[in-house]
Amino acid sequence: MKTLITIIALFAFSISNASTNPAGPLVVFSSENVEIQITDKSQSAFFQTSEFNFEENNLEFETEKEITFIQIFDAEGQLTFQLPVMSNKLKIGRSVFGSGDFKIGFMISGENEIQFADVKFKS
């Protein structure tokens, strides 16, 4: 009986931990026209705001740390655009993208790991 209770407790513990896994994508902004998704939930502290400004027709990001460069990749993974930023606030005009799905790489001052966000234009 003690073994059965232990097995049930371990099973319940593993299920509760599985639902709080920080890995996996997270939608941070979604509308009829555009969706912004970070590639890993652990990045949510890095991106303070991520949104699309419909009045100015651009993507807007504010990050925890200074962005040195951004890189924009198309759906095939080809680099289409690179820009120095040197700020923790960034606006990217919709005209830079075209249509389809894109990945934005954020190179951060003092860090080796690039932070990524996926952008999907729906219309």
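**Exercise 1. Decide whether Phe29 is buried or exposed in this predicted model, and place it among its neighbours.**

Solution.
- Step 1: Take the accessibility. Phe29 has 19% relative accessibility. The cut-off for buried is under 20%. Phe29 therefore counts as buried.
- Step 2: Find its element. Phe29 lies in strand β1, residues 26-30.
- Step 3: List its contacts, leaving aside neighbours within four places in sequence. Phe29 touches Val34, Glu35, Ile36, Ser50, Glu51, Phe52 and Phe54.
- Step 4: Check one distance. Phe29 and Thr49 are 20 residues apart in sequence, and their C-alpha atoms are 9.1 Å apart.

**Exercise 2. Classify the ring pair of Phe52 and Phe54, then state how covered each ring residue is.**

Start with the whole-structure count and a reference pair.

Solution.
- Step 1: Count. The search of the whole structure gives nine aromatic pairs.
- Step 2: Take Phe47 and Phe106. Their centres are 5.1 Å apart, with 80° between the planes. An angle over 60 counts as edge-to-face, and this pair is edge-to-face.
- Step 3: Locate that pair. Phe47 sits in β3 (residues 47-53) and Phe106 in β6 (residues 101-108), 59 residues apart, so distant parts of the chain are linked. Both Phe47 and Phe106 are buried.
- Step 4: Turn to Phe52 and Phe54. Their centres are 5.0 Å apart and the planes meet at 65°, again an edge-to-face pair.
- Step 5: Compare exposure. Phe52 is buried, at 9% relative accessible area. Phe54 is partly exposed, at 45%.
- Step 6: Extend to the cluster. Ring pairs join Phe46, Phe47, Phe61 and Phe106.

**Exercise 3. Which strands does β7 pair with, and in which direction do they run?**

Solution.
- Step 1: Define the strand. β7 covers residues 115-121, and five of its seven residues are buried.
- Step 2: Look toward β2 (residues 34-38). Five bridges join β2 to β7, and the two run antiparallel. Ile36 has Val119 as its bridge partner in β7.
- Step 3: Look toward β6. Six bridges join β6 and β7, also antiparallel. Gly105 has Phe116 as its bridge partner in β7.
- Step 4: Inspect the hairpin of β6 and β7. Six residues lie between the strands, and Gly110 there has a positive phi near 80°.
- Step 5: Add a ring contact. The charged end of Arg94 sits over the ring of Phe121, 3.7 Å from the ring centre.

**Exercise 4. Which residues have the most contacts inside the largest nonpolar core, and which elements supply it?**

Solution.
- Step 1: Recall the background. In soluble globular proteins, nonpolar side chains tend to be buried together.
- Step 2: Read off the core. It holds 23 residues, and the most contacts inside it belong to Leu59, Phe61, Ile70, Ile92, Ile104 and Phe106.
- Step 3: Name the contributors. β2, β3, β4, β5, β6 and β7 each give two or more residues. The largest share, five residues, is from β4.
- Step 4: Zoom in on Ile92. Beyond four places in sequence, Ile92 contacts Asn58, Leu59, Phe61, Ile70, Ile72, Phe97 and Ile104.

**Exercise 5. Work out which residues form a salt-bridge network, and what Lys65 pairs with.**

Solution.
- Step 1: Count. There are four salt bridges in the structure.
- Step 2: Pair Glu56 with Lys91. The closest N and O atoms are 3.6 Å apart. Glu56 lies in the loop between β3 and β4 and Lys91 in strand β5, so the bridge ties together parts 35 residues apart in sequence.
- Step 3: Check exposure. Glu56 is partly exposed at 46% relative accessible area, whereas Lys91 is exposed at 53%.
- Step 4: Pair Glu60 with Lys91. Here the closest N and O atoms are 3.9 Å apart. Glu60 is in β4 and Lys91 in β5, 31 residues apart. Glu60 counts as buried, at 13% relative accessibility.
- Step 5: Join the results. Glu56, Glu60 and Lys91 form one network of salt bridges.
- Step 6: Solve for Lys65. Lys65 bridges to Glu111, with closest N and O atoms 2.6 Å apart. Lys65 is in β4 and Glu111 in the loop between β6 and β7, 46 residues apart. Lys65 is partly exposed at 37%, and Glu111 is partly exposed at 30%.

Methods
Residues numbered from 1 in each chain as written. Predicted model: local features only at pLDDT ≥ 70, side-chain atom pairs only at ≥ 80, totals over all residues. Heavy atoms only, no water. Phe/Tyr/Trp six-rings, centres within 6.5 Å; stacked < 30°, edge-to-face > 60°. Helix = DSSP H or I, 4+ residues; strand = E, 2+ residues; numbered from the N terminus. Buried < 20%, exposed > 50% of the residue type's maximum accessible area, 1.4 Å probe, protein only. Lys NZ or Arg CZ within 6 Å of the ring centre and 35° of its normal. Pairing = 2+ DSSP bridges. Contact = heavy atoms within 4.5 Å. Core = buried A, V, L, I, M, F, W, Y, C linked by side-chain atoms within 4.5 Å. Salt bridge = Lys/Arg side-chain N within 4 Å of Asp/Glu carboxyl O.
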